[in-house]
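Here's an informal walk through a few corners of this structure. Have the viewer open and follow along.

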Amino acid sequence: MMKILTILVPALFFAIQLVAALPDSQNWGSFRGPNSSGTSESALPPVKFGPEENVLWKADAPWSPSSPCVWGKRLFITTFHEGNLETRCHDAGNGKLLWTRVASRDQLEEFHATEGSPASSTPATDGKHVVSYFGSCGLVCHDFDGKELWRHPLPVARTAGGFGSGVSPIIAGKYAIVNRDQAKNSFILAVRLSDGKTAWETPRVDSPTSYGTPILCKNNGAEEIVMAGSLTLKAYDLKSGEERWRMTGLPAYTCTTPVLGGGLLFFAGWSPGKSDSPWPKWENILEKQDKNGDGIITVDEYKDGPVWFKAQDIDGNGKLERSDWDSIGGMMKRGENVLLAIQPGGHGDVTATHVAWKFDRGLPYVPSPLYYDRKVYLIKDGGMLSCFDAESGRARYTQERLNAIGTYYASPIAADGRLYLFSMDGKATVVKAGGDKPEILHRADFGERIAATPALVGTRMYVRTRTKLYAFGTR
């Protein structure tokens, strides 16, 4: 249901613009491209493509869900290969592997063996620096020839349930920014791009593990870093790290990254525990899984496996008890699964004053929202696409099935009047932007997992599958 909220602000307020500080749109320098927008104003990718169609080149790439970033003639990814945490550089023109650099680590962070990787974070580049983040060891920066410029060591990340890190670094002016929402001791960090030394570090005391990426905003003359987390969206001053504003009413756990467009900031996210996926009662869990009837559940009794057991075992004592279950359930009850359109210009808690409109259906779990040509798009697990007018919030269509069912991790991207959508089981769908229903222009099946978000540069689209890197374009 959409809710339009009246904001009692002078009309002059709307002259204040929320402006994305975007890098050169000819490049795709970080997760999801310019400022994590997922869009390119200049790219002209092919409409039709697939494992055997419009392939300019393909190269082997070890599995990790991090996405490619591209600058000029260089393409960068991170990988976990034969026990090594790697940053790799490919020639964007022909796919040739130019160099590989290993990030040394004393310990490897825990990660989900099938869904995650200790190299899940997409690198970021500004054309001179290549910054990679690994939850096992911190930040490392190389130049385009692979020379290490600096390292910023960090303790091994401890994520909820040992799932593994997912946040990617960004480059914002003279800083590299990374968010470290983890099971305990969360913080957001800015290091100087010149030498890797700490510029500022701000605790996020109320933010357990999250998986989104920060974005950069220019808000009424001030540069801000905006980061979603558990229950709350926050903005920080780029120069000092001081919190400038916050908005509550987010899901209990967040995986998505906000986007900018049309003078508004958009967030969309979902997590279980609400009416569409209610949190089970403790008594029901005991009845199904407490095999020895002692009133607790051990890891060998828990049917969803050790990763999810650890995520529920809040106190880490190796036992799943009512107190653990009620703690998580309480957080989920506080969360709100929602699409938010947020007005700029606020300070402090802006929850009651700066929501332009909201909607509560068709929400994504992992893929971030997409703003494109005055519309907001959401792709939900099951292959269900929704479209909204960005200014008014009017739903043009909601939860329209694309006949590409399954889970979606890759975020939607757009260029040249088209949306590109990729499911985890390797189904690609091209949809014409706009309209009152999705118009399917092309389908492709890669036959293997796609978790990474593709990159759009020039006349090419770069796609990472479980085993390959592809460059698509018309010759």
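## A glutamate without a salt bridge

Let's start with a side-chain pair: E109 and S165 make a polar contact of 3.0 Å through their side chains. Keep in mind that this is a predicted model, so every distance here is read off predicted coordinates. E109 sits in the loop that links β7 (97–103) to β8 (124–125).

Which side chain of opposite charge is nearest to E109, and how far away is it? That would be R180, at 6.9 Å. A salt bridge needs a side-chain nitrogen of Lys or Arg within 4 Å of a carboxyl oxygen, so E109 has none even though it is buried. Setting aside residues up to four places away in sequence, E109 touches P118, G135, S136, V156, A157, G164 and S165. S165 therefore turns up both in that contact list and as the polar partner of E109.

## The sheet β12-β13-β14-β15

R180, the residue just mentioned as the nearest opposite charge to E109, belongs to strand β13, which covers residues 175–180. That strand is part of an open sheet of 4 strands, ordered β12-β13-β14-β15 and paired antiparallel. At the edges you'll find β12 (170–172) and β15 (198–203); each has a single partner strand, so one side of each has no neighbour in the sheet. From one strand to the next, the twist averages 25°.

Zoom in on the β12 edge and you'll see 3 bridges connecting β12 to β13 in the antiparallel sense. One bridge pair to look for is A172 with Y175 in β13.

## The β5, β6 and β7 hairpins

Is strand β6 (residues 84–91) largely enclosed or not? It is largely enclosed by the rest of the structure, because 7 of its 8 residues are buried. Its pairing with β5 (residues 74–81) is antiparallel and runs over 8 bridges, with L75 standing opposite H90 in β6. The β5 and β6 hairpin has 2 residues between the strands, and E82 takes a positive phi near 50° there.

β6 also pairs antiparallel with β7, this time over 6 bridges. C89 has W99 as its bridge partner in β7. This hairpin has 5 residues between its strands, and G95 in the turn shows a positive phi of about 85°. β7 is also the strand that comes before the E109 loop.

## The sheet β3-β35-β34-β33

Another open sheet has 4 strands, in the order β3-β35-β34-β33 with antiparallel pairing. Its edge strands, β3 (55–60) and β33 (455–457), each pair on one side only. Ignoring direction, neighbouring strands in this sheet are turned by 15° against each other on average.

How many bridges join β33 to β34? There are 3, with β34 spanning residues 460–464 and the two strands running antiparallel. A455 stands opposite Y462 in β34.

## A buried serine ahead of β3

The loop between β2 (18–20) and β3 holds S30. Buried or exposed? S30 has a relative accessible area of 10%, and the cut-off for buried is under 20%, so S30 counts as buried.

Leaving out neighbours within four places in sequence, S30 is in contact with C69, T122, P123 and A124.

Definitions and conventions:
Residues numbered from 1 in each chain as written. Predicted model: local features only at pLDDT ≥ 70, side-chain atom pairs only at ≥ 80, totals over all residues. Heavy atoms only, no water. Pairing = 2+ DSSP bridges. Axes fitted to C-alpha atoms, helices over the stretch in contact; angles between N-to-C directions. Buried < 20%, exposed > 50% of the residue type's maximum accessible area, 1.4 Å probe, protein only. Lys, Arg positive; Asp, Glu negative; His and termini not counted. Polar contact = N/O pair within 3.5 Å; in protein donor to acceptor, adjacent residues only side chain to side chain. Contact = heavy atoms within 4.5 Å.
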